[in-house]
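Biologist: I am new to this structure and would be grateful for a guided discussion. May we take it step by step?

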Amino acid sequence: MSRRRANGSQAGPTGPRPGDPPIERSEEDGVRYLHFGTRWIQGAMRIRRPFDLELDYVRHMMAWLLFMEPPARVLQLGLGAAALTKWTWRHLPCTETVAVEASAAVIAACRHWFGLPEDDDRLDVVHADAGEHVASPRARGRYGVVQVDLYDRDARGPVLESPEFYRAVRGAIAEPGMAVVNLFGSDHASFERNRRRIAAAFEERMLVLPPVEAGNLVVLAFAGPPLDVDATMLFERADEVERRWRLPARGWAKALRGSVVAG
């Protein structure tokens with residue numbers, strides 16, 4: 001979720017169900033936005049390039065590619081407008097993508113308005129509570145990367161942020177692997193609380209990318225053996241990521257240069 005806003009909205013494709021947020025969309029300058037009954041943006045898609053990552057913070061959430069090759073499985077907690085789910089499905093052909101979303105209306109909107117493909121042998125969209133899913137025995141040690149973007153219509157902070165939740169995320173990662181978490185910026189009351197809890201769950205092995213224009217900060221947390229990555233290796237990997245996937249990886253490398261990943 002982003003704290004940036006867009007103008008205009010219209011009702012969603014399905015009637016409301018108990019527990020579902022009100023689903024709306026808006027469009028501006030060729031970009032379609034998802035809203036949960038407010039003007040806060042829950043996701044975005046450039047209509048002419050539906051598999052691109054439109055929002056800056058969503059692109060930042062792919063910064064795990066600086067440190068590891070695409071794993072066998074990626075878990076997405078919180079579907080939003082399905083940008084990350086679509087991207088991994090489209091661009092990582094050897095990776096299975098599992099996306100967990102509590103709202104059936106959000107899943108329907110993503111398929112109706114945002115080009116989310118139907119499930120296949122590499123895509124599984126699960127209608128379930130993200131916290132329950134990641135804490136279940138079947139999730140333990142199953143995913144190389146867990147991407148967390150869990151916000152509701154009120155934008156008060158992540159809807160799942162307890163120490164137990166972050167420990168469950170850590171437990172779901174197949175080592176070596178990573179978690180990627182979208183947080184509101186350091187000026188938001190939820191940031192420091194979540195930063196501390198992620199650090200505790202991952203034994204302080206984490207990096208934080210600088211905030212994007214909208215204020216979001218992306219946290220990269222590491223599970224498994226310590227990584228030894230110097231600046232040369234980081235920029236070599238960034239060049240490869242830019243070449244293979246056309247993502248702004250050199251910017252990530254510049255932001256993280258000098259950081260130490262240790263266990």
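The exchange below concerns a predicted model and turns to a strand residue, salt bridges and helix packing.

Biologist: Let us begin with Gln 76. In which strand is the place of Gln 76?

Modeller: Strand β7 covers residues 73-77. The place of Gln 76 is therefore within that run, in strand β7.

Biologist: Is Gln 76 buried or exposed?

Modeller: The relative accessible area of Gln 76 is 3%. A residue counts as buried under 20%. Because its value is 3%, Gln 76 is buried.

Biologist: With which side chain does the side chain of Gln 76 make a polar contact?

Modeller: Not counting residues up to four places away in sequence, Gln 76 touches Leu 84, Thr 85, Val 98, Ala 99, Val 100, Gln 147 and Asp 149. One of these also meets Gln 76 in a side-chain polar contact, at 2.7 Å. That partner is Gln 147.

Biologist: Turning to charged pairs, how many salt bridges does the structure hold?

Modeller: Among them are the pair of Arg 195 with Glu 192 and the pair of Glu 240 with Arg 244. The total number of salt bridges is 17.

Biologist: How many residues apart are Glu 69 and Arg 237, the two partners of a salt bridge?

Modeller: In this salt bridge, the closest N and O atoms of Glu 69 and Arg 237 are 2.5 Å apart. The pair links distant parts of the chain, as Glu 69 is in the loop between α1 and β7, while Arg 237 is in helix α7, residues 231-245. Their separation in the chain is 168 residues.

Biologist: Which of these two partners, Glu 69 or Arg 237, counts as buried?

Modeller: Glu 69 has 40% relative accessibility, and therefore counts as partly exposed. The other partner has 11% relative accessibility, which places it under the 20% cut-off for burial. The buried partner is Arg 237.

Biologist: By about how many helical turns are Arg 195 and Glu 192 separated?

Modeller: An α-helix has 3.6 residues a turn, so residues three or four places apart point the same way. Arg 195 and Glu 192 are 3 residues apart in helix α6, residues 189-201. Both are partly exposed, Arg 195 at 26% and Glu 192 at 34%. Their separation is therefore about one helical turn.

Biologist: Which residues are joined with Glu 240 and Arg 244 into one network?

Modeller: Glu 240 and Arg 244 meet in a salt bridge at 2.9 Å, N to O. Because they are 4 residues apart in helix α7, about one helical turn separates them. Salt bridges that share partners extend this into one network, and the residues joined with this pair are Glu 69 and Arg 237.

Biologist: Against which elements do the buried residues of helix α5 pack?

Modeller: Helix α5 spans residues 163-171, and its buried residues are Phe 165, Tyr 166, Ala 168, Val 169, Arg 170 and Gly 171. These buried residues pack against β7, α4, β10, β11, α6 and β13.

Biologist: Finally, are α7 and α8 roughly parallel or roughly antiparallel?

Modeller: Contacts between the helices include residues such as Leu 234 and Phe 235 in α7, and Ala 249 and Trp 252 in α8. The axes of α7 and α8 come within 8 Å and cross at roughly 160°. Since angles over 145 degrees count as roughly antiparallel, α7 and α8 are roughly antiparallel.

Biologist: What is the handedness of that crossing?

Modeller: The helices concerned are α7 and α8, the latter covering residues 249-256. Their crossing is right-handed.

Key
Residues are numbered from 1 along each chain as its sequence is written. This is a predicted model: local features need pLDDT of at least 70, side-chain atom pairs count only at pLDDT 80 or more; totals for chains, interfaces and linings use all residues. Side-chain values use heavy atoms; hydrogens and water are left out. Helices (H or I, at least four residues) and strands (E, at least two) are DSSP runs, numbered from the N terminus. Buried means under 20% relative accessible area, exposed over 50%, partly exposed in between (1.4 Å probe, protein chains only). A polar contact is a pair of N or O atoms within 3.5 Å; within protein, one must be able to donate a hydrogen and the other to accept it, and residues adjacent in sequence count only if both atoms are side-chain atoms. Contact means heavy atoms within 4.5 Å. A salt bridge is a side-chain nitrogen of Lys or Arg within 4 Å of a carboxyl oxygen of Asp or Glu. Axes are lines fitted to C-alpha atoms, for helices over the stretch in contact, and angles run from 0 to 180 degrees between N-to-C directions. Angles under 35 degrees count as roughly parallel, over 145 as roughly antiparallel, 65 to 115 as roughly perpendicular and the rest as oblique. A crossing is left-handed if the near helix is turned anticlockwise from the far one by less than a right angle, and right-handed if clockwise.
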